[in-house]
Structure formats: C-alpha cells, structure tokens
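I opened the notebook to look at one model. My entries follow the order in which I looked things up.

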Amino acid sequence: MPVMEASLVTAAALIALAGALFHGVVGGKIYMGRIKASELMPLTQSLSLVSWQMFTVFLVVSGVILPVSYTHLTLPTKA
C-alpha cells in the first residue's frame with residue numbers, strides 16, 4: 001500500500017468523520033431549533049430533520065467504509 005495513497009484515504013476518512021460530528025451535533029442543534037420555531041407542519045418538520053440526519057449518517061458511513069475498503073480490497077496490478 002503506497003504511503004501517499006494511504007495518507008490521502010486516511011485524511012479523507014477523518015474529514016468525513018469530523019464533518020459528521022460537526023454536522024450531526026452542532027449543525028443538528030441549530031437546524032432543529034430553527035425548524036421547531038418555523039411554521040411548518042409537524043410532518044414536514046419531521047421529514048426535514050430526518051433528511052438532515054440522513055446526511056450525517058452518510059458522512060459517518062463514508063468515513064468508516066473508505067479506509068476499510070481501501071485496506072481490504074486489492075486490485076490486480078500489471079507487472
């Protein structure tokens with residue numbers, strides 16, 4: 001495994017996980033406060049919050065799967 005590729009994959013995974021933490025915790029609190037204060041119907045509020053958290057889940061899954069798939073997948077190389 002080349003060092004440069006591994007460091008870039010690791011950096012991408014850490015950025016995704018940091019983004020998930022910030023998006024889910026800090027952004028979630030801000031977003032939830034604004035949605036709850038809005039005049040949207042309760043169902044619309046719920047769907048909006050679910051879509052917000054789904055993006056957080058996407059970031060977490062990306063941050064975990066990226067290094068795992070990189071270390072476990074070996075592609076055939078030409079000699």
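Which helices each supply at least two residues of the nonpolar patch? I found that helix H1 (3-37) and helix H2 (42-72) each do so. Helices (H or I, at least four residues) and strands (E, at least two) are DSSP runs, numbered from the N terminus.

Before going on, I noted the ground rules. This is a predicted model, in which local features need pLDDT of at least 70 and side-chain atom pairs count only at pLDDT 80 or more, while totals for chains, interfaces and linings use all residues. Residues are numbered from 1 along each chain as its sequence is written, and side-chain values use heavy atoms, with hydrogens and water left out.

**Overall form**

I counted two helices and zero strands in the protein. Its radius of gyration is 18 Å, well over the 12 Å that the globule rule gives for 79 residues, so the protein is more spread out than a compact globule. (The radius is taken over C-alpha atoms; the rule is 2.2 Å times the number of residues to the power 0.38.) I read a span of about 65 × 20 × 15 Å for the C-alpha trace along its principal axes.

Next I looked up contacts, meaning heavy atoms within 4.5 Å. Of the contacts with a separation of 6 or more, 75% are between residues 24 or more positions apart.

**Surface and patch**

I noted an accessible surface of about 6,200 Å², with 77% of it belonging to carbon and sulfur atoms. Areas come from the Shrake-Rupley method with a 1.4 Å probe; for residues, only the protein chains shown count as cover.

Then I returned to the nonpolar patch, which covers about 820 Å². Patches take residues with over 30% relative accessible area and no salt bridge, joining like charges within 9 Å and nonpolar side chains (Val, Leu, Ile, Met, Phe, Trp, Tyr) within 5 Å. A salt bridge is a side-chain nitrogen of Lys or Arg within 4 Å of a carboxyl oxygen of Asp or Glu. H2 gives the most to the patch, with eight residues. Among the patch members are Leu14, Leu17, Met54 and Ile65. Ile65 sits in helix H2 and counts as partly exposed because its relative accessibility is 46%. The classes are buried under 20%, exposed over 50%, and partly exposed in between (1.4 Å probe, protein chains only).

**Between the helices**

How many residues count as buried? I read 19% of the 79. Two of my look-ups fell in that class. Gly28, in helix H1, is buried because its relative accessibility is 6%. Leaving aside neighbours within four places in sequence, Gly28 contacts His23, Trp52 and Gln53. The C-alpha atoms of Gly28 and Gln53 are 7.7 Å apart, with their positions 25 residues apart along the chain. Ser48, in helix H2, is buried too, at 14%. With the same neighbours left aside, Ser48 contacts Tyr31 and Ile35.

I also checked Ala12 in helix H1. It is partly exposed, at 34%. Its C-alpha atom is 8.0 Å from that of Leu66, 54 residues away along the chain.

**Aromatic pairs**

I found two aromatic pairs. Rings of Phe, Tyr and Trp (its six-membered ring) pair if their centres lie within 6.5 Å; planes under 30 degrees apart count as stacked, over 60 as edge-to-face and the rest as tilted. Tyr31 and Trp52 are stacked, 4.3 Å centre to centre with 10° between the planes. This pair links distant parts of the chain, Tyr31 in helix H1 and Trp52 in helix H2, 21 residues apart. Tyr31 is partly exposed, at 23% relative accessibility. Trp52 is partly exposed, with a relative accessible area of 23%.
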